[in-house]
Amino acid sequence: SDARLSDYEKISVLGHGNGGTVYKVRHRRSAQPLALKLFAAGDPSAAREAEILKLAADAPHVVRLHAVIPSASAGEAPAALALELMPGGSLAGLLRRLGRPMAERPIAAVARQALLGLAALHALRVVHRDLKPSNLLVGAGGEVKIADFGAGKVLRRRLDPCASYVGTAAYMSPERFDPEAYSGDYDPYAADVWSLGVAILELYLGHFPLLPEGQRPDWAALMCAICFGEAPEPPAAASEEFRDFVARCLEKKAGQRASVAELLEHPFVAGRDAAGAQQALAALVAEAEQGDL
Ligand code: ATP
Ligand code: MG
């Protein structure tokens, strides 16, 4: 007995993406609130996302898949995915609703949990390839989970090249932009670390770090900034730990970039009270909710 769209009652819209729309829904039989990601007909990213979420069903800090809703015509890509509802929404949404940048403590909670998620995914040979604040979801208790595997890939061999232009160019690492300039030094997992570094710095600054505030992120400007510019860094006012953590993520040479395992040992995430940092993030979720009322 396959899941059907009619098993769910629409409550509200949670977000729009490239692929389609995500709704807050209620599963009629269980009354459980869930998120329903609806894809455009035949969207190939639907099957890819379903495959990866099944593979990562036991991975910590990865959003849970509840059901795959097939499309009406057999053999076509799934029509929708029913996902665990993350009540805090995405970090991009949280930043917008707060209207100000985030402090280091809640950012450390984001970094630590995203790294744990990446470690589990990479152990399964899954690369995400589209990490960014809108694809990191938050729970009411400050839990962080990785979502949106529409650009993800399961690597068959460790060094399977996957430099194709999938994902959002803005968060793409230099070696993915220009693989030829970096040949010999290609590590597909390191690209996710770069993207995480950009996302983390964005939370601290309150805006996308690689371009001047307000500049439209067109392809040419991004390519210039990512491949020819200096890696962006936190201002001098930031702590030494945070500055070093970001620098280790945003190492332009993939071979010199810190690994996920190394970053999990970094003082910015390992050297502090993890529960306290998560509480600080939960407080921001509560504050944003107050602002919504
Ligand atoms: P894009 O192509 O823009 O990255 P997408 O179409 O692949 O987006 P998602 O990133 O999966 O779609 O979801 C879009 C938005 O919907 C998210 O940024 C988030 O705000 C919201 N959203 C998605 N899944 C959930 C969920 N499980 N719980 C709460 N909100 C969610
Ligand atoms: Mg997304």
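Where is the place of Lys37? In this predicted model, Lys37 sits in strand E3. UniProt lists Lys37 under "binding site", in an unreviewed entry. The residue is buried, because 27 C-beta neighbours lie inside 10 Å and the cut-off is 20 or more. Leaving aside neighbours within four places in sequence, Lys37 is in contact with Gly20, Val22, Ala80, Leu81 and Leu83. One of these contacts, Leu81, belongs to E5 and stands opposite Lys37.

The sheet around Lys37 comes next. Strand E3 is part of an open sheet of five strands. Their order is E1-E2-E3-E5-E4, and the pairing is antiparallel. E1 and strand E4 (65-69) stand at the edges. Each edge strand has a single partner, so one side of each is left without a neighbour in the sheet. From one strand to the next, the twist averages 25°. In a regular strand, side chains alternate between the two faces of the sheet.

The pairings can be followed across the sheet. E1 and E2 run antiparallel and are joined by seven bridges. Within this pair, Glu9 stands opposite Arg26 in E2. E3 and E5 also pair in the antiparallel sense, over five bridges. The facing residues Lys37 and Leu81 belong to this pairing of E3 with E5. Four bridges join E4 to E5, again antiparallel. Here Ala67 stands opposite Ala82 in E5.

How much of E5 is buried? Four of its five residues are, so E5 is largely enclosed by the rest of the structure. A helix also packs on the sheet. Helix H1 (residues 44-55) touches E3, E4 and E5. The direction of H1 makes about 145° with that of E4.

The ligand is considered next. Ligand 1 is surrounded by 23 residues. The closest are Gly15, Gly17, Asn18, Ala35 and Asp148. Several strands give two or more residues to this shell: E1 (8-16), E2 (20-27), E3 (33-39), E5 (80-84) and strand E6 (89-90). By class, the shell has nine nonpolar, 11 polar and three charged residues.

Asp148 is one of the closest residues to ligand 1. It lies in the loop between strand E9 (144-146) and strand E10 (153-154). Asp148 has a positive phi of about 65°, although it is not a glycine. Is Asp148 buried or exposed? It is buried, because 26 other C-beta atoms lie within 10 Å.

His61 also has a positive phi, of about 60°, and it is not a glycine. Its place is the loop between H1 and E4. His61 has 21 C-beta neighbours inside 10 Å, so it counts as buried.

Two prolines in loops complete the description. Pro133 lies between strand E7 (126-127) and strand E8 (136-138). It has 20 other C-beta atoms within 10 Å. The cut-off for a buried residue is 20 or more, so Pro133 is buried. Which residues are in contact with Pro133, leaving aside neighbours within four places in sequence? They are Ser90, Leu91, Ala92, Leu95, Ala199, Glu202 and Leu203. Pro133 and Ser195 are 62 residues apart along the chain, yet their C-alpha atoms are separated by 9.7 Å.

Pro209 is found in the loop between helix H5 (188-205) and helix H6 (219-227). This residue is buried too, because 23 other C-beta atoms lie within 10 Å. Not counting residues up to four places away in sequence, Pro209 touches Val198, Leu201, Glu202 and Pro232. Glu202 is thus in contact with both Pro133 and Pro209. Pro209 and Tyr171 are 38 residues apart in sequence. Their C-alpha atoms are 9.9 Å apart in space.

Notes
Residues are numbered from 1 along each chain as its sequence is written. Chains are lettered from A and ligands numbered from 1 in the order in which they are written. This is a predicted model: local features need pLDDT of at least 70, side-chain atom pairs count only at pLDDT 80 or more; totals for chains, interfaces and linings use all residues. A residue is near a molecule or strand if its C-beta atom, placed from the backbone, lies within 6 Å of it. Ala, Val, Leu, Ile, Met, Phe, Trp, Tyr, Cys and Pro count as nonpolar, Asp, Glu, Lys and Arg as charged, and the others, Gly among them, as polar. A residue is buried if 20 or more other C-beta atoms lie within 10 Å of its own, exposed if 12 or fewer, and partly exposed in between; C-beta atoms are placed from the backbone. Two residues are in contact if their C-beta atoms, placed from the backbone, lie within 7 Å. Two strands pair if DSSP finds at least two bridges between them. Axes are lines fitted to C-alpha atoms, for helices over the stretch in contact, and angles run from 0 to 180 degrees between N-to-C directions. UniProt positions are given in the numbering used here, feature names are shortened, and annotations may be inferred rather than shown by experiment.
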